[in-house]
Amino acid sequence: MSLRIHQDHSRFKQIVRGKIKSNLRKYVQKGEMIGKKGKDTIAIPIPFIDIPHFKYGHKEQGGVGQGDGEVGQQLSPGAVQPGDGHQAGQGEGDHSLEVDVTLDELAQILGEELQLPNIERRHNEKIVTQRIKYTGVNTTGPESLRHFKRTYKQALKRQIAMGTYDPARPIIIPTREDRRYRSYKLQELPETNAVIIYMMDVSGSMGDEQKEIVRIESFWLDTWLRHQYKGLEARYIIHDAVAREVDRDTFFHTRESGGTMISSAYKLCRDIIKADYPKSAWNIYPFHFSDGDNWSADDTRQCIEMLREDILPSVNQFAYGQVESPYGSGQFIKDLREAIGDSTNVALSEIADKDAIYASIKDFLGKGR
Amino acid sequence: MPKSLTPQLSRLKEEIEGYARAFGLDFFETIFEVVSYDELNMVASYGGFPTRYPHWRWGMEYEQLSKGYEYGLSKIYELVINNDPCYAYLLESNSDVDQKLVMAHVYGHCDFFKNNFSFRHTNRRMIDDMANHATRVRRWIDKIGVEKVEDFIDRTLSLENLIDQHAPHIRRNPDPKRAEDEMKSNERVEGFKVDREYMRGFINPSEFLDSQRKKVEDEKQKAKKFPERPQRDVLLFLLENAPLEPWESDVLSIIRDEAYYFAPQGQTKIMNEGWASYWHSTIMTRRALKDDEVIDYADRHSGTMGTRPGALNPYKLGIELWRDIEERWNKGRFGKEWDECDDLRARRSWDKRLGMGREKIFEVRKHYNDITFIDTFLTPEFAIEQKLFVYGFNEKRNSWEILDREFRKVKNKLLQGLTNFGQPIIEVVDGNHENRGELLLAHKHDGQDLKPDYARETLRNLQSLWRRPTCIITRYDNKGVLLRFDGQNHTEKKIDL
């Protein structure tokens, strides 16, 4: 059955989409969106979707409330209803509404704006995972799923009906029969296997700004690949002279001093692929970011050898992003270009600053591999 | 699609309707329809009307409602349309006790709609009119194109609060020809009637005639002033004077009609929700509840009555005030003797057993709106008991805080928030400003500044209808300001007020 509202609803979504699209470059350059990412959705501030009126600023206006508290006491955050349900913007001339957009939708918009081709999957074998979906309330079930409020209410009802409830001593004791449990069904979800292996140089020459660029860029890479493959895994490797695998948080917040040996990271990357991601079942995406400084020409030779022999044959695409830094010579990308620049499954990108992220995303994802 | 009532629901309806009538409620015929939560969200998005003109903001509303429902944050319980017959919706998945509660609540609203004076001029065939509006807008969309019509509606909606909230009914254009004739008849100045021609110079000396002529001339000048008096109904002024295409006029008049339809509901929110809550609680607890339904009822009822510190719940404030009035008139706590008694103990045990409470509240529901309701019946005792306070934003601490619990201030703040439905009062003062055809509005400043960015955007939308520069006089930080938008740029000029 289709409701009439769906027309208006899709028109609204279309408008939101248009707003996001026209502001996409700005969103990509700014990192602030990443902080507003939920599990499946992201809160995006949309300018001017509200219909303006002559009205009072709610902050000037204040109002009447109800409840305990001394004069001068602060009201807890969220206690005050904003003017008419919309989030007001901060400064003048900047009123905006936050709209939840699914990451999937955001990826689609990104794809349309950057004209990204869909990725050709190497492997379509699907594994099936199971997910729990809560569907209702039952009289039996495991204790861990007991529904406390329902159980309590049931007991209260029974005691009142039996006349054993005493308002003066309001004690409610649920019996076996009163207990209520959440019930669930198992849903089977097919997934395609894909893994992103992020590598980043965290040596002294990579400053905060460089890392911020990596962080923003990886957000968009993640979003796109997640849109292409449901059930994406991500692994994180940091390196200076040695490499180690870390969690996502450490990845973005580690700062080391000392030299840079890129080969250490590639070695670890190779080992991870070998151990956990057989080429026959996985779509594999290594992304490496550095400022282009390597310890020695010899180490660079090792890197190229490893890429040629081990990594490139087993991955969908290897991507290297070189983030400009005042300290780096930027040599590494030249060496890569010379040695493996012609390979179809290599993407190289130079990222001068935040403004360049937009184009760089296209460098990485534009091949559709 | 909406289903008619099941036999079980029909029985419940008959039962509740019987109780409502027995308590003296007086309502239009009320038709209940059973809908799924998705349908209920849809109808609610359209402001209660299943058929409304197409516009994206209903979709936005729907998105927010559905999300609130999915996350378990909110659930719409009742939805009534003020129409004759009244229409109301029941959620198909609700339990019997929920349905009874909703029905009892709905009869309270329907009684209020039928009897409160604010709705005396309300269009009771609004369901049909809304559907007609939708058809008209759709036709224009077919003819003009969806983008253009939607864009025009967006700009018009930006002005929809610029109506005269207190206009007793929608004023129609006076016949312009008659006005012209009247003006002509005033033009000749003959002075007093003269029987004998030789007396003329004495009866109507030339100085007198001159002064009379000047008076007429002034009158004419005044008539040229446009509008003659400041006009609160900005939408009407635009309809009559802005260079609109026929389709634009039509759409604008639709938006205006709908704004007027909803205005009285805004003016009686506290009374109306309180009244409906008072009646669902009375009907349920005294008549309709079965023993095993008490807990679920109490759960629902307390859910509706919940308050949080920084917001007033109209259901809660309303029901408490109705009960307070009933109690006061039952116990005789009003009148000279009561007002003059300052013996606290005597006041506390005051009970003259008049039993006039029920009668009183029925009378009040007829003759008051939220402003007069609060102004007349909010007492210091009540404000203390309900723990009312004024809150405001503290810039230094960047947080909201409790400012005052003093009765006068609480009451004034409440009334201020209700005046003109909490909207700034804005009038057209000149349609030919600076003799250049610019439109000048004035904001009657009452201590609160306009939100500046919104004001500028609204001026922009106004300009696109007026097609000449538009200005508004207001105040920022206690200084007079003239905001102007000329179609390209916004300017802000200091002025003396």
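In this predicted model, helix H20 of chain B, residues 407–418, lies across strand S2 of chain A together with strands S4 and S5 of chain B, and the helix runs at about 70 degrees to S4(B). The strands beneath this description belong to a sheet built from both chains, whose order is S2(A)-S4(B)-S5(B). The points below take up that sheet and then the interface as a whole.

**The shared sheet**
- The sheet is open, has 3 strands and shows antiparallel pairing.
- S2 of chain A and S5 of chain B (399–404) stand at the edges with a single partner strand each, so one side of each is left without a neighbour in the sheet.
- Direction ignored, neighbouring strands of this sheet are turned by 50 degrees against each other on average.
- Between the chains, S2 (residues 63–66) of chain A and S4 (residues 388–394) of chain B run antiparallel and are joined by 4 bridges.
- Along this pairing, A:Gly63 stands opposite B:Tyr391, while A:Gln66 stands opposite B:Leu388.

**The extent of the interface**
- The contact draws 82 residues from chain B and 58 residues from chain A.
- The two chains bury about 6,500 Å² between them, and 58% of this lies on carbon and sulfur atoms.
- On the side of chain B, the residues that lose the most area to chain A are B:Trp56, B:Trp400 and B:Tyr454, which together account for 12% of what that side buries.

**Charged and polar links**
- There are 7 salt bridges between chain B and chain A, including one from A:Arg11 to B:Glu150, in which the closest N and O atoms are 2.6 Å apart.
- The side of chain B that touches chain A consists of 36 nonpolar, 18 polar and 28 charged residues.

Technical notes
Residues are numbered from 1 along each chain as its sequence is written. Chains are lettered from A and ligands numbered from 1 in the order in which they are written. This is a predicted model: local features need pLDDT of at least 70, side-chain atom pairs count only at pLDDT 80 or more; totals for chains, interfaces and linings use all residues. Side-chain values use heavy atoms; hydrogens and water are left out. Contact means heavy atoms within 4.5 Å. Buried area is the accessible area (1.4 Å probe) that two parts lose on being put together, summed over both. A salt bridge is a side-chain nitrogen of Lys or Arg within 4 Å of a carboxyl oxygen of Asp or Glu. Ala, Val, Leu, Ile, Met, Phe, Trp, Tyr, Cys and Pro count as nonpolar, Asp, Glu, Lys and Arg as charged, and the others, Gly among them, as polar. Two strands pair if DSSP finds at least two bridges between them. Helices (H or I, at least four residues) and strands (E, at least two) are DSSP runs, numbered from the N terminus. Axes are lines fitted to C-alpha atoms, for helices over the stretch in contact, and angles run from 0 to 180 degrees between N-to-C directions.
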